[in-house]
Amino acid sequence: MESQMNAPLPAPTPREIAPELARSWLLVAATRPETFDAAAASHADAVVLDIEDAVDASHKDEARDDVIRWLSTEGNSAWVRINDATSDHWSADIEGLRAASGLRGVMLAKTEYGGQVMDTFNRLGAQVPVVALVESAIGIENATEIARAKGAFRLAFGSGDFRRDTGMSADREAMAYPRARLVISSRAGGLPGPIDGPTVGSSHPILREQSAITVSMGMTGKLCLATDQTPVVNEVISPTRTDVEWAFEFLEDFDARGRIVRDGSDLPRLGRARKIMQLAEAFGVVPDGR
């Protein structure tokens, strides 16, 4: 009995987060299948096995096969970043992944037109959600069309390729326009908030600062390049305990006064409070003293 009582407690299992609310989207190179299990056990809200940019053209088939094999193993599930619709590998990606039981959805690289999302969705049996990764000037200009396409689940910002395409810098001011376009287009298309591009490097203070920009722009997720980035992104994108405390007290007061709207500011605050409490419940954020 004593040995059982002193045995170490099992590690907590990651909280299951609905993909429409997912904050951290961890990109995992498909050339390293030995890392798939660790990624799945990490704090990432969504794991994305990458068979696009992370894989040289000469190794696409091998990487795809490794991804399909892992996804076809009982208990394994993840998203997959597939090659863009204009590439020679797109059809092979789709045909191979159709039968993968653990496929949660695909992230379509270099999306520029709504028809590319629709074609991908239909070819996957019209059941697999598509995150459209927008990475070019054309994609940003067509963001609303993409968001309204059949099968579109969320938009994501391929910030690195976008900067390469346009010559724009990584400064907050320079990136404000494409981020805002994705946020507005997501809203116009009835989608959840978009997923921001990744932070390159190992500095957590910089990651925290850039994740705060993500939140300020109205984006609700962020691509991650390493497992240790995911808890930072999750924390910054989640509502703060102070926000949750305010929401709890506002809703408590609203109920106490018979749910009567007093003035024009009540309805916007009511909507904000309900949204905060929804996210707090999903992310396990508890206000101090509750």
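This is a short chat about a few parts of a predicted model.

User: Hi! Let's begin with strand β3. Is it buried or exposed, and why?

Analyst: Hello! Strand β3 covers residues 78–82, and 5 of its 5 residues are buried, so the strand is largely enclosed by the rest of the structure.

User: Which way do those residues point?

Analyst: A78, V80 and I82 point one way from β3, while W79 and R81 point the other way. Residues on both sides are buried.

User: And which strands does β3 pair with?

Analyst: There is strand β2, residues 46–50, which pairs with β3 in the parallel sense over 3 bridges. V80 in β3 is the bridge partner of L49. Getting from β2 to β3, the chain passes through helix α3 (residues 60–71), and this β-α-β crossover is right-handed.
There is also strand β4, residues 103–108, which runs parallel to β3 and is joined to it by 5 bridges. Here A78 has L103 in β4 as its bridge partner. The chain crosses from β3 to β4 through helix α4 (residues 90–97), and that crossover is right-handed.

User: Nice. Switching topic: how much space is in the largest pocket?

Analyst: About 760 Å³.

User: What lines the largest pocket?

Analyst: Its lining has 35 residues, and G197, P198, T199, V200 and L225 are the ones nearest the centre. At least two lining residues come from each of β1 (24–29), α8 (159–166), α9 (172–188), α10 (204–216) and β8 (221–224).

User: Tell me about β8. What covers its faces, and which strands does it pair with?

Analyst: Both faces of β8 are covered: G221 and L223 are buried on one side, and K222 and C224 are buried on the other. β8 runs parallel to β1, with 3 bridges joining them, and L223 is the bridge partner of W25. Strand β7 (residues 195–196) also pairs with β8 in the parallel sense, over 2 bridges. In that pairing, D196 is matched with K222 as its bridge partner. Together, β7, α10 and β8 form a right-handed β-α-β unit.

User: One last thing, helix α13. How far apart are its end C-alpha atoms?

Analyst: They are 25 Å apart. Helix α13 has 18 residues (266–283), which at 1.5 Å a residue should span 26 Å, so the two values agree.

User: Which of its residues are buried, and what do they pack against?

Analyst: D266, L270, A273, I276, L279, A280 and F283 are buried in α13. The buried residues of α13 pack against α12 (241–256).

User: What comes right after α13?

Analyst: G284 follows α13, and its phi is positive, near 75 degrees.

Conventions
Residues numbered from 1 in each chain as written. Predicted model: local features only at pLDDT ≥ 70, side-chain atom pairs only at ≥ 80, totals over all residues. Heavy atoms only, no water. Buried < 20%, exposed > 50% of the residue type's maximum accessible area, 1.4 Å probe, protein only. Helix = DSSP H or I, 4+ residues; strand = E, 2+ residues; numbered from the N terminus. Pairing = 2+ DSSP bridges. Right-handed = clockwise from strand over helix to strand, strands pointing away. Expected span 1.5 Å × (residues − 1). Contact = heavy atoms within 4.5 Å. 1 Å grid on protein atoms, 1.4 Å probe; cavity = no way out; pocket = protein on both sides within 12 Å on 5 of 7 lines; lining within 4 Å. Points joined across faces, edges and corners; volume = space filled by probe spheres on them.
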